[in-house]
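I wanted to look at the ligand site and the pockets today. Here is the model I had open.

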Amino acid sequence: MWKRKDLLGIKELSADEINQILDQAVPMKDIIKRDIKKVPTLRGKSVINLFYEPSTRTRTSFELAGKYLSADTVNIAVSTSSVVKGETLIDTGKTIDVMGADVVVIRHQASGAPHLLAKHIKAKVINAGDGAHEHPTQALLDLFTIKEAKGSIEGLTVTILGDILHSRVARSNIWGLKKLGAKVRVAGPSTLMPPGLGDWGVEVYHRVEDALEGADVVNVLRLQLERQQKGLFPTIREYARQWGLNSRRVSLAKPGAMVLHPGPMNRGVEISPEVADGLQSVITEQVTNGVAVRMAILYLMTGGGVSDVPR
Ligand code: CP
């Protein structure tokens, strides 16, 4: 049985907990392939999406995940909520809580906002991305996508490429991949590498070609244009030329290497269109898997167990 009240980050999860979610996502993916994508498992449960930052994939997939499991799902549009009148995060959270929410899915620009909310409300809290800290459900869907294709994560070489400094996806992926036994390489401009990266147990590369040589998986990060301070790299064109993943660079990885991107993509910047849409890309599969993994998370967190798999 799942023991945690909240899902706030990958760093605190054990390999067993990660595998429990990945295993539970397998039957969930079967459900979303059906004509009638609906099981009664979470009837009577409510899931509230509280997003302080824009999202297409995460918010929609949590909404669909809840609906496919028959939960009541509600999206709070922060821009038309009482947040604009100055209501605090804790007051907003407590308001949702006393309405009977079972799960609050929160995305916030501040690192630690989901942790603060979780301390103040009875509802279970899922971190859908907090600042540059963690994006645990993205990492879980990435791990699921890799495991589905390769059979296992253990022993794989995974290159994470791009804007590591601002990327919560990179952090969550690094913790998850290492817990499941992958060798993790990171590469990007030195100005977009966080200080102390060497202590994270990853191999740091300063040339994209070296980082890609022999990799099983390449996870390309979005260049987070909204979080850039001036002067971290000369121009976007320069970034694309030096660090963008193109067909020539992909060919340095192992034959059949997978290419992932969390989306949304800056096509022609961190990834070329021919790679994004090419045979090695699993970007659309990641999106589908995001629904299955979020169904598994909602199911486990609201009382399901692996022996009670909905069919
Ligand atoms: N990958 C991801 O978090 O995408 P969205 O911002 O569209 O949710």
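These are my notes on the ligand first, then on the pockets.

Note to self: this is a predicted model, where local features need pLDDT of at least 70, side-chain atom pairs count only at pLDDT 80 or more, and totals for chains, interfaces and linings use all residues. Residues are numbered from 1 along each chain as its sequence is written, and side-chain values use heavy atoms, with hydrogens and water left out.

**Ligand.** I listed the residues around the ligand (a heavy atom within 4 Å of it) and got Ser55, Thr56, Arg57, Thr58, Arg107, His135, Gln138, Pro262 and Gly263. Next I looked up polar contacts to the ligand (pairs of N or O atoms within 3.5 Å). The side chain of Thr58 has an N or O atom 2.6 Å from a ligand oxygen, and a polar side-chain atom of Arg107 lies 2.9 Å from a ligand oxygen. For Gln138, a side-chain N or O atom is 3.0 Å from a ligand nitrogen. The protein buries 92% of the 250 Å² that the ligand exposes when taken alone (Shrake-Rupley, 1.4 Å probe).

**Pockets.** I took a pocket as an open set of points on a 1 Å grid over the protein atoms alone, where a 1.4 Å probe fits, with protein on both sides within 12 Å along at least five of seven lines; lining residues have an atom within 4 Å of a point. Where does the ligand sit? I found it in the largest pocket (more than half of its atoms lie within 2 Å of the grid points). That pocket holds about 360 Å³ of space. Its lining has 20 residues, and Arg107, Arg168, Arg222, Gly263 and Pro264 are the closest to its centre.

Note on methods:
A polar contact is a pair of N or O atoms within 3.5 Å; within protein, one must be able to donate a hydrogen and the other to accept it, and residues adjacent in sequence count only if both atoms are side-chain atoms. Grid points are joined across faces, edges and corners, and a volume is the space filled by probe spheres set on the points.
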